[in-house]
Amino acid sequence: MRPFAYERVGSAEDAVARHRESNGDGEVRYLGGGTNLVDLMRLGVEEPRRLVDVAHLPFDTIVEEPGGGLVIGSAVRNSDLAAHRAVRERFPMLAQAVLSGASGQIRNLATVGGNLLQRTRCSYFQNVSKPCNKREPGTGCPAREGDHANLAILGHSPDCVATHPSDMAVALAALDARVRVMGRLGDRVIPLVGQETTSLYRLPGTEPHRDTTLDPGDLITGVEVPPLTMPARYRKVRERASFAFALVSVAAALEMADGTILDCRVALGGVAHQPWRARRAEDRLRGSAATERTFLQAAEAELEEAEPLRDNAYKVKLARNLMVRTLAELTTHGGTA
């Protein structure tokens with residue numbers, strides 16, 4: 001591991017100022033729980049000269065808004081988020097997503113902000129002896145012809161087929177969450193997933209090294225979650241029962257009346273460079289009968305644009321079946337686990 005300096009700051013303004021001093025050259029990194037960053041430093045993927053500890057800044061609370069929404073501080077630990085009464089009662093899908101990720105020990109340390117910004121688990125990205133456009137732009141994407149069985153089927157490009165690993169982010173995408181950001185130009189709030197130029201996450205295109213639209217020095221300070229008035233749940237398929245990233249996951253919410261779908265939210269994980277909001281499926285579901293046939297048609301409409309590679313076409317069928325099952329469960333069991 002490359003030697004580095006460590007600094008704990010007293011305010012978010014101080015943290016942003018430390019980045020400003022580095023001129024955005026990548027030599028400074030914010031440190032939350034460190035559960036992803038420190039691993040990448042050990043592998044030689046990340047080599048910052050200075051770590052600015054932001055885990056102790058006053059963003060470690062969950063505020064319940066009068067209308068039923070939440071503001072989740074970026075320094076809230078994942079385990080505290082999943083255990084919070086308002087999250088469990090009003091947003092069970094979010095609690096389910098958090099509890100399906102990592103291990104209990106890691107959730108006790110990992111922060112909300114760090115979880116949203118964790119890097120891909122693509123084996124080529126994590127192996128510094130291999131080329132990788134995400135790690136070193138212009139060196140190529142060997143995953144396209146190599147080991148890609150767990151990589152993207154939606155939204156990828158010739159330069160990158162990596163997937164985003166966060167479970168929490170998939171649930172927040174379905175919840176229309178927005179991210180509070182402090183940066184060199186002041187404070188702003190951006191959608192987690194939305195238009196490519198305005199949302200937090202972005203697809204790889206020709207710049208796969210850019211996971212997000214954040215500018216150098218931008219610091220996530222919180223996440224705004226609007227009220228949810230419909231049953232919702234999160235389902236994840238993985239290779240083993242614990243501490244495994246999603247092959248495919250689904251976050252879904254469904255509002256019905258007299259057997260007709262009035263409103264819905266669907267997001268997919270494990271299939272793209274970012275949490276994938278299934279808007280084609282949502283358009284197909286709204287106003288339709290809440291039947292398994294409708295769910296299947298909606299899933300197929302969403303997956304029409306899938307472009308699987310040689311070894312990951314199974315994800316198309318897996319995503320389709322998981323969407324149908326999760327939506328069907330919402331019609332019979334609501335949002336309970």
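**Close-up views of a predicted model**

**View 1. Asp211 and its neighbours.** Leaving aside residues up to four places away in sequence, Asp211 is in contact with Arg119, Lys134, Leu200, Tyr201, Arg202 and His273. This is a predicted model, so please read each view with that in mind. Asp211 sits in the loop that runs between β7 (186-191) and β8 (219-225). Two of its neighbours also meet the Asp211 side chain through polar contacts: the side chain of Arg119 at 2.4 Å, and the side chain of Lys134 at 2.5 Å. The relative accessible area of Asp211 is 16%, and because the limit for buried is under 20%, Asp211 counts as buried.

**View 2. The largest nonpolar core, with Leu81 as a guide.** Here you can look into the largest nonpolar core, which has 43 residues. Ile72, Leu81, Leu94, Leu172, Leu192 and Val225 are the members with the most contacts inside this core. The element that gives the most to the core is helix α9 (residues 167-174), which supplies seven residues. Another core, of 27 residues, lies apart from this one, and Cys264, Leu268, Phe295 and Val324 are among its members. Leu81 makes a handy starting point for a tour: not counting residues up to four places away in sequence, Leu81 touches Ile62, Ile72, Val76, Val87, Leu94, Val98, Val112 and Met168.

**View 3. Ala246 in its loop.** Ala246 belongs to the loop between β9 (232-237) and β10 (248-257). With a relative accessibility of 12%, Ala246 counts as buried. Beyond residues up to four places away in sequence, the contacts of Ala246 are with Asn150, Asp167, Lys236, Val237 and Gly270. If you would like a distance to orient yourself, try Met93: Ala246 and Met93 are separated by 153 residues in sequence and by 16 Å in space, taken from C-alpha to C-alpha.

**View 4. A nonpolar patch on the surface.** Our last stop is on the outside, where Met1, Phe4 and Tyr6 form a nonpolar patch. Together, these three residues have about 320 Å² of accessible area. Phe4 is found in the segment before β1 (5-8). Is Phe4 buried, partly exposed or exposed? Its relative accessibility is 36%; since buried means under 20% and exposed means over 50%, Phe4 counts as partly exposed.

Terms used:
Residues numbered from 1 in each chain as written. Predicted model: local features only at pLDDT ≥ 70, side-chain atom pairs only at ≥ 80, totals over all residues. Heavy atoms only, no water. Patch = residues over 30% accessible without salt bridge, like charges linked within 9 Å, V, L, I, M, F, W, Y side chains within 5 Å. Areas by Shrake-Rupley, 256 points an atom, 1.4 Å probe, with all protein chains shown as cover. Salt bridge = Lys/Arg side-chain N within 4 Å of Asp/Glu carboxyl O. Helix = DSSP H or I, 4+ residues; strand = E, 2+ residues; numbered from the N terminus. Buried < 20%, exposed > 50% of the residue type's maximum accessible area, 1.4 Å probe, protein only. Polar contact = N/O pair within 3.5 Å; in protein donor to acceptor, adjacent residues only side chain to side chain. Contact = heavy atoms within 4.5 Å. Core = buried A, V, L, I, M, F, W, Y, C linked by side-chain atoms within 4.5 Å.
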